[in-house]
Amino acid sequence: AGTSDVVETIADVEFSISEIKKIVTKTNGCMVWGGSLGIVPADAKIIKIEKILEIDPEAQLLASIMAKKLSMGAKYILIDIPYGKTAKVTREHGLKLKKKFEYLGKYFKKKIKVVLTNGEQPIGNGIGPALELMDIMKILSREKSEDHIKYPSDLEKKSVFLAGELLEMTGKAKKGKGKELAIEIINSGKAFEKFKEIIKAQRGNINRLRYGKFKKTILSSQSGTIFEIHNKKINSLTRATGSPLNKFAGVYLHHHLGEKVKKGEPLVTLYSDISAKLREAVSYYKENKPILVK
């Protein structure tokens, strides 16, 4: 889900420019949807059509990402390109995109860094606005608890890496010490306090978070190892549940690549607020098998 879709499960994301200035003055940050500001109006219209057609042309991808950064006056830009067999791009294509982003950064005289990360599988356990936010809350609150929601250590590792890169780019941390500082900020509870402060400033409440009303857990039909998690099929499966329009719908992954699973153990749990959508998602899973066990 998009960042604003995730935040919108517990807070408002549409504000006027004057309201955003007040939030940023108060908290030094915000998590808002830029589409309502009219900053990149052509991009917003093009993205709507792209989503319907399920296309993402390279030229538009470059223009869309850079236009948003430039229009907001960003001085430091960090671009993450996940690559993989079933990700949007291969590693080879990712390296070509990296060069193009770096060229645009140089052209517009911005400090830009582009990193390639492994996108062979979804990051974290939840897919869908509320489920992704649950992953985030677990990391920020340092909660490593009992229920079926596992601690998303892969998401934490990637987030700390990206935060570390930004801390080094902006001179807040010495070279090679960014990750260390990022972990320190999370462990101290400062990151979670800042998150809650921004959510409150955006008329939000973390207690709004919940699961979809209906759920179905799909079990493994055999014992073995998770051999493939097909990103595009998982994306379609999540859409079948009604996500992201239904904020509390989505897919929870119980296992990641390379993990062992026994016959009868849960592979995924599907959530939705609409029972018909849940049935549609179960049918999609059975027909397309987005997770392979060998």
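# Turns, strands and side-chain contacts

Trainee: Which residue follows α3, and has a positive phi?

Mentor: In this predicted model, helix α3 spans residues 41–53. Directly after α3 comes a residue whose phi is positive, near 55 degrees. That residue is E54.

Trainee: What distance does helix α3 reach from its first C-alpha to its last?

Mentor: Helix α3 has 13 residues, and at 1.5 Å a residue the expected reach is 18 Å. The value found in the model is close to that expectation. From first C-alpha to last, α3 reaches 19 Å.

Trainee: How much accessible area do I49, I52, L53 and I55 have together?

Mentor: I49 is located in helix α3. With I52, L53 and I55, I49 forms a nonpolar patch on the surface. The accessible area of the four residues together is about 430 Å².

Trainee: Is K109 buried or exposed?

Mentor: K109 is placed in the loop between α5 (91–107) and β2 (111–118). Its phi is near 55 degrees, a positive value in a residue other than glycine. The relative accessible area of K109 is 74%, and the cut-off for the upper class is over 50%. K109 is therefore exposed.

Trainee: In which loop is K289 found?

Mentor: K289 is not a glycine, yet its phi is positive, about 40 degrees. Helix α11 (275–288) and strand β9 (291–293) flank this residue. K289 is in the loop between α11 and β9.

Trainee: Is the peptide bond from S243 to P244 cis or trans?

Mentor: P244 belongs to the loop between α10 (231–240) and β6 (250–253). For the bond from S243 to P244, omega is near 5 degrees. The bond is cis.

Trainee: Which are the edge strands of the open sheet of 3 strands?

Mentor: Strands of a sheet pair through backbone hydrogen bonds, either parallel or antiparallel. Here the pairing is antiparallel, and the order is β7-β5-β9. An edge strand pairs on one side only. The edge strands are β7 (260–261) and β9.

Trainee: Which residue in β7 is the bridge partner of G224?

Mentor: Strand β5 comprises residues 224–229 and runs antiparallel to β7. The two strands are joined by 2 bridges. In β7, the bridge partner of G224 is V261.

Trainee: How many residues apart are R203 and D12?

Mentor: R203 and D12 form a salt bridge, with their closest N and O atoms 2.8 Å apart. R203 is in the loop between α9 (190–201) and β4 (214–219), whereas D12 is in the loop between α1 (3–7) and α2 (17–27). R203 is partly exposed at 46% relative accessibility, and D12 is also partly exposed, at 28%. This pair links parts of the chain that are 191 residues apart.

Trainee: Which helix holds K100, the salt-bridge partner of E58?

Mentor: The closest N and O atoms of E58 and K100 are 2.4 Å apart. E58 is in helix α4 (residues 58–71), and its partner is 42 residues away. E58 is partly exposed at 26%, and K100 is partly exposed at 37%. The helix that holds K100 is α5.

Trainee: Is D273 buried or exposed?

Mentor: D273 meets R210 in a salt bridge with an N to O distance of 2.9 Å. D273 lies in the loop between β8 (266–272) and α11, and R210 in the loop between α9 and β4, so the pair ties together parts that are 63 residues apart in sequence. R210 is partly exposed at 32%. D273, at 19%, falls under the 20% limit and is therefore buried.

Trainee: Which residues are joined into one network by salt bridges that share partners?

Mentor: The count of salt bridges in the model is 17. Some share partners and thereby form a network. The joined residues are D5, E8 and K247.

Trainee: Is the pair of Y107 and F108 stacked or edge-to-face?

Mentor: The model has 3 aromatic pairs. The ring centres of Y107 and F108 are 5.0 Å apart, with the planes at 85 degrees. Planes over 60 degrees apart meet the criterion, so the pair is edge-to-face.

Trainee: Which residue joins Y107 and F108 in one aromatic cluster?

Mentor: Y107 is exposed at 54% relative accessibility, while F108 is partly exposed at 38%. Their cluster includes one further residue, Y103.

Technical notes: Residues are numbered from 1 along each chain as its sequence is written. This is a predicted model: local features need pLDDT of at least 70, side-chain atom pairs count only at pLDDT 80 or more; totals for chains, interfaces and linings use all residues. Side-chain values use heavy atoms; hydrogens and water are left out. Helices (H or I, at least four residues) and strands (E, at least two) are DSSP runs, numbered from the N terminus. Buried means under 20% relative accessible area, exposed over 50%, partly exposed in between (1.4 Å probe, protein chains only). Two strands pair if DSSP finds at least two bridges between them. A salt bridge is a side-chain nitrogen of Lys or Arg within 4 Å of a carboxyl oxygen of Asp or Glu. The expected span of a helix is 1.5 Å times one less than its number of residues. Patches are made of residues with over 30% relative accessible area and no salt bridge: like charges are joined within 9 Å, nonpolar side chains (Val, Leu, Ile, Met, Phe, Trp, Tyr) within 5 Å. Accessible areas come from the Shrake-Rupley method with a 1.4 Å probe; for residues, only the protein chains shown count as cover. Rings of Phe, Tyr and Trp (its six-membered ring) pair if their centres lie within 6.5 Å; planes under 30 degrees apart count as stacked, over 60 as edge-to-face and the rest as tilted.
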